[in-house]
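Biologist: Before we talk about any labels, could you put the model on the screen for us?

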Amino acid sequence: MNHPTGLTDPTPLNHLADVTPLIHPKLRSVVAAPRPAQPRPLDLRVRAQRIQIDELVVDDPHQVLAHARQAALDDPETAEQLGYSATDELPLPDAAALLCALYDTDTLTAMGLRLTRHTTRVSASNQQTEPVSLVRSTAPEGQEG
């Protein structure tokens with residue numbers, strides 16, 4: 001049958017009602033398969049703390065006092081932050097503490113202090129468990145703990 005536009009009538013689509021739509025096989029697998037979730041890193045919120053303790057004894061009190069006075073004069077701001085003043089006379093324990101706060105063990109040895117024991121304490125825990133603690137202690141050769 002011809003239309004006034006000159007086109008032929010389209011064939012009726014009733015016979016296509018029973019046909020399932022064709023999907024390209026590759027598209028079907030993409031559409032049908034759920035996309036796997038990206039793995040998230042496991043977050044246990046474990047906190048670890050390491051404390052290193054150097055036990056030192058004063059071998060030369062005069063040298064320790066002199067170095068502490070000089071350290072307080074050389075860096076008065078740091079000395080004040082640690083609670084010391086360059087104008088105050090420091091008792092020996094305070095002088096040793098000031099030097100220990102400012103210098104490493106090798107430098108302290110040259111300033112009249114001697115390492116007697118090195119201890120490392122490590123603890124780790126999460127919010128649900130008690131901390132696990134490890135302690136490792138060593139003394140220099142020839143020293144008793």
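Biologist: Why is Leu73 called exposed?

Modeller: This is a predicted model, and in it Leu73 has a relative accessible area of 53%; since exposed means over 50%, Leu73 is therefore called exposed. Leu73 is found in helix 2, and its C-alpha lies 5.3 Å from that of Ala86, although the two are 13 residues apart in sequence.

Biologist: How do you know that Glu77 counts as exposed or buried?

Modeller: Buried would require under 20% and exposed over 50%, and Glu77, with a relative accessibility of 62%, therefore counts as exposed. Glu77 belongs to helix 3, which covers residues 76-81, and it gathers with Asp74, Asp75 and Glu80 in a surface patch of negative charge.

Biologist: What makes Leu134 count as exposed?

Modeller: The cut-off for exposed is over 50%, and because Leu134 has 57% relative accessibility, it counts as exposed. Leu134 sits in strand 3, residues 132-138, and together with Val122 and Val132 it makes a nonpolar surface patch of about 260 Å².

Biologist: Which residues have the most contacts inside the largest nonpolar core, and why is it called a core?

Modeller: The name is used because a nonpolar core consists of buried residues of certain kinds joined through side-chain atoms within 4.5 Å. The largest one has 15 residues, and those with the most contacts inside it are Val64, Ala68, Leu90, Ala95, Leu98, Leu99 and Leu113. Helix 2 (61-74) and helix 4 (92-102) each supply at least two residues of this core, and helix 2 gives the most, with 5 residues.

Conventions: Residues are numbered from 1 along each chain as its sequence is written. This is a predicted model: local features need pLDDT of at least 70, side-chain atom pairs count only at pLDDT 80 or more; totals for chains, interfaces and linings use all residues. Side-chain values use heavy atoms; hydrogens and water are left out. Patches are made of residues with over 30% relative accessible area and no salt bridge: like charges are joined within 9 Å, nonpolar side chains (Val, Leu, Ile, Met, Phe, Trp, Tyr) within 5 Å. Accessible areas come from the Shrake-Rupley method with a 1.4 Å probe; for residues, only the protein chains shown count as cover. A salt bridge is a side-chain nitrogen of Lys or Arg within 4 Å of a carboxyl oxygen of Asp or Glu. Lys and Arg count as positive and Asp and Glu as negative; His and the chain ends are not counted. The place of a charge is taken as NZ of Lys, CZ of Arg, CG of Asp or CD of Glu. Helices (H or I, at least four residues) and strands (E, at least two) are DSSP runs, numbered from the N terminus. Buried means under 20% relative accessible area, exposed over 50%, partly exposed in between (1.4 Å probe, protein chains only).
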